Amino acid sequence: MVMTRSTRARKAVEARFENDSLNNIPPSSGTKVNVNGKSSDVEQMAINIPSSDRTSIAILLFLYVLQGIPLGLAGSIPLILAKKVGYKQQAMFSFVYWPYSVKLLWAPIVDAAYISKIGRRKTWLVPVQYLIGIFMLVLSKKIGYLLGETDGSAPDVFMLTAVFFCLNFLTATQDIAVDGWALTMLSRANVGWASTCNTVGQTAGYFLGNVVFLALSSPEFANKYIRSVPLDKGLIDLGGFLFFWGIVFLITTTLIGLLKHERSEDEVHGEQHEKKGILSTYKTLWTIITLPAVMKFIVILLTCKVGFAAADSVTGLKLVEAGIPKENLAMLAIPMVPIQILLPLYISKYTSGPKPFDVFLRAFPCRLLLGLVFILCVWWANNVRQPGEEAFPWYFYAGILCVYAVHQVTVYCMFVAIMAFHARISDPRVGGTYMTLLNTITNLGGNWPPTLALWLVDELTWKNCLGLPNSATMECNSKPLVEACTKAGGKCVTSIDGYYIESIMCIVIGFIWLILKAKECRSIQEMRDTAWKAS
């Protein structure tokens, strides 16, 4: 059951009052706060969201949608390359997500350097989004060559990685500005909506850039569901998709730059705050990082996703390798969209309180056990089709869809819990820096395990060359050995798939982490607000 609007607003107010005590900001007049920091008459304050906040929520939601488009496109490239390159090259391409893991390096500059007349966040948001739009327009003319589609050559994975790394660098900078703006764009009573806008917006944007693109670019999908006369190409290509969204970025950025006023922290909090310089912001960042509570939290964020690395990063590629069309795999996400949009709204009822990590820890073992289910799904994909059959049976897709739905519930339970905890402990006076620190560490903790997992798949896989004359045997664990096997008249067959070994290893590591860190996760959420406050 999805929460009503008034209930969600009440939870947002309660969470915000906890933040206010952290930042020495007194609660609004006429609000009663009990000894636990909870409001006793929040219901009366949050029956309706003001129209100004509704507009701000809509703008934030759209900005996060735009942010999700490049991420979705980056997520579609590995599926396009699945049968063209090896797993080590896939590991190289996974570095395109790393700007979100190192954006902390330039976040203080974005937070401290700005033009007051333009606005603290708009100073960066407007030019960066213009650059993203221009980048997409230029890339739309070159992407076919980089994928090897124009001349039939092998994909240039290094250049693809460099290009999308730069695009995600700009997107990560936009994320810094939007995260900081969210803390002042919304009123104190409704700032809890920021995490909801982030979750829903990025999900919708990723869906458009990944699922919608893969479906519309597939000739099979277009011929089966849209066209009456079959053609050998999809409705759109990646170049056209990039061009369209490049134009959208340029137009919407112009409108936001001209029409949306940015309130300063002084306007929001009703007090004067000294403008911090870049060096001062870096010092503040170091002060935050060295807080004992933050250091414990950083260790948790950097290590908690090791157990999911193989399941999250390799399973999809293994299913495509087993013969599932990439557009069919992407289409399985369509029934999940209502769940992905509504689920965070429902989960926020349980994460807006003082103990969001309780939700995180309940979902953790369930998500680990789903790694075993993913192993069975990959095995099933390689064995479900009868000889001579090309299509997978409907019940196979139904089974995969059910597993994916359960997986999304566990993913969003953990994600929303972490985001709620970020919002609870962040200091709006250095909002961009504090939020970016936490989000950066979260992203880094989610990016390094998949990169390592992709890199190790080939190392853990054992292949033998069969069918050689005189029953000779030879290994073929590298591309030169595969070519030698083929030339000798043999066939390279996988004896041990590294994916299965790696998946079991990750699950075991995940349960060990849970045993060692569960108590610490519960303890940090019970720390006093002063433990998270930078002097």
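User: How many residues does helix α8 have, and what distance does α8 reach from its first C-alpha to its last?

Analyst: Bearing in mind that this is a predicted model, helix α8 runs over residues 157–185, which gives it 29 residues, and it reaches 40 Å from its first C-alpha to its last, close to the 42 Å expected at 1.5 Å a residue. As for its surroundings, α8 is mostly covered, with 23 of its 29 residues buried.

User: What does the protein as a whole look like, in helices, strands and buried residues?

Analyst: The protein has 23 helices and three strands, and 53% of its 535 residues count as buried. If one takes the contacts with a separation of 6 or more, 81% of them are accounted for by residues 24 or more positions apart.

User: Which residues does Y64 contact beyond its neighbours within four places in sequence?

Analyst: Y64, which is found in helix α3 (residues 51–81), is in contact with D175, V178, D179, A194, C197, N198, G201 and Q202 once those neighbours are left aside. In the case of D175, the two residues are 111 residues apart along the chain, yet their C-alpha atoms are separated by 7.9 Å. Y64 counts as buried because its relative accessibility is 1%, where the cut-off for buried is under 20%.

User: Where do the buried residues of α14 lie around the axis, and why?

Analyst: The general idea is that an α-helix has 3.6 residues a turn, so residues three or four places apart point the same way. In this structure, the buried residues of α14 are A293, V294, F297, I298, I300 and L301. They cover an arc of only 165° around the axis, and therefore they sit on the same side of α14. The helix itself, residues 292–303, has 12 residues and reaches 17 Å from its first C-alpha to its last, close to the 16 Å expected at 1.5 Å a residue.

User: Where does α7 bend, and by about how many degrees?

Analyst: The bend in α7 is at S140 and amounts to about 45°. With its 25 residues, α7 reaches 33 Å from its first C-alpha to its last, close to the 36 Å expected at 1.5 Å a residue. Just after α7 comes G148, which takes a positive phi of about 75°.

User: Is T123 in that helix buried or exposed?

Analyst: T123, which lies in helix α7 (residues 122–146), counts as buried, because its relative accessibility is 16%. Its side chain reaches the backbone oxygen of G119 at 2.5 Å, while a polar atom of that side chain lies 3.1 Å from the backbone nitrogen of I115. Not counting residues up to four places away in sequence, T123 touches A113, Y114, I115 and I118.

User: How many disulfides does the count come to?

Analyst: A disulfide is a covalent bond between the sulfur atoms of two cysteines. Here the count comes to zero disulfides, under a rule that asks for cysteine sulfur atoms within 2.5 Å. For C366, the closest cysteine sulfur is in C413, at 8.7 Å, so the two are too far for a bond. C366 counts as partly exposed because its relative accessibility is 41%, whereas C377, at 7% relative accessibility, counts as buried.

Conventions
Residues numbered from 1 in each chain as written. Predicted model: local features only at pLDDT ≥ 70, side-chain atom pairs only at ≥ 80, totals over all residues. Heavy atoms only, no water. Helix = DSSP H or I, 4+ residues; strand = E, 2+ residues; numbered from the N terminus. Buried < 20%, exposed > 50% of the residue type's maximum accessible area, 1.4 Å probe, protein only. Polar contact = N/O pair within 3.5 Å; in protein donor to acceptor, adjacent residues only side chain to side chain. Contact = heavy atoms within 4.5 Å. Expected span 1.5 Å × (residues − 1). Arc of directions from axis to C-beta. Bend = angle between axes of the 7 residues up to and from the residue.
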